[in-house]
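I opened a new notebook page for this entry. I began with the chain as a whole and then turned to its aromatic rings.

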Amino acid sequence: MDTHLSHQLTATERPSREEAEEAVRILLRWAGEDPSREGLLDTPARVARAYEEYFGGYAVDPVALLARTFAETDGYDEIVLLRDIRFESFCEHHMAPIIGRAHVAYLPRTRVVGISKLARVVDAYARRLQIQEKMTAQIANTLDEVLQPLGVAVVIEATHQCMTTRGVHRPGTSLVTSRMLGAFRNDPGTRREFLAMIQRPGIGAGSEG
């Protein structure tokens, strides 16, 4: 099994839709609600459908998304950056939303990939239960492994509702994480150029793998 999909359950291991809907009814009862009242009758089915969308990333292979590359670049050898990729994910500790933006860059060696594929790789990892640090590393490592560029840089800024709506209740806070590989790690000039391109003051102070 592909290592990028190693945590995906097989069809025989996954609960049925009926079991998933019953689990929602149990949670509603545990919260103090009556799942049989009119307003909640269709809620279990709606939640099951929503989960298919929220966690659709488990059905996507990020490596396959990057399989098609292009060599006709007329010698282009500067940074390729896709900035402000909005994403929605869910914290694996509380299943609360993580909402943020990713900035993804690479320095091509000989080939480039369609820019939409960068956004799709972000989406594939975001639509899984996540912690931001792991998601940052997964995106960067996948780009590095498949494209084999001279360098990869990923910065993610996100708000975690497990922190803003519960626990310490600190609205307005955001977490910044970064992963720099190759030239972006080893060449201070390349790193500075990338950080200037994403135009976010203070970025670079997050975690770095």
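**Notebook: chain and rings**

I looked first at contacts between residues at least 6 apart in sequence in the protein chain, and 70% of them join residues at least 24 apart. I noted that the model is a predicted one.

I looked up the secondary structure and found eight helices and eight strands in the protein chain. The chain has 209 residues, and 36% of them are buried. For the surface, I noted that the protein chain exposes about 12,000 Å², with 52% supplied by carbon and sulfur atoms.

Next I went to the aromatic rings. How many aromatic pairs are there? The count comes to six. I looked up F55 and F90, whose rings form a tilted pair, 5.4 Å centre to centre with 55° between the planes. I then checked where these two sit: F55 is in the loop between α2 (43-54) and α3 (62-65), and F90 is in strand β2 (residues 80-91). They are 35 residues apart, and the pair links distant parts of the chain. Are F55 and F90 buried or exposed? Both are buried.

My next entry is F184 and F194, an edge-to-face pair, 5.7 Å centre to centre and 75° between the planes. F184 lies in helix α7 (residues 183-186) and F194 in helix α8 (residues 188-198), so this pair ties together parts 10 residues apart in sequence. I noted F184 and F194 as both buried.

Last, I asked which residues ring pairs link into a cluster with F55 and F90. They are Y51 and Y54.

Key
Residues numbered from 1 in each chain as written. Predicted model: local features only at pLDDT ≥ 70, side-chain atom pairs only at ≥ 80, totals over all residues. Heavy atoms only, no water. Helix = DSSP H or I, 4+ residues; strand = E, 2+ residues; numbered from the N terminus. Buried < 20%, exposed > 50% of the residue type's maximum accessible area, 1.4 Å probe, protein only. Contact = heavy atoms within 4.5 Å. Areas by Shrake-Rupley, 256 points an atom, 1.4 Å probe, with all protein chains shown as cover. Phe/Tyr/Trp six-rings, centres within 6.5 Å; stacked < 30°, edge-to-face > 60°.
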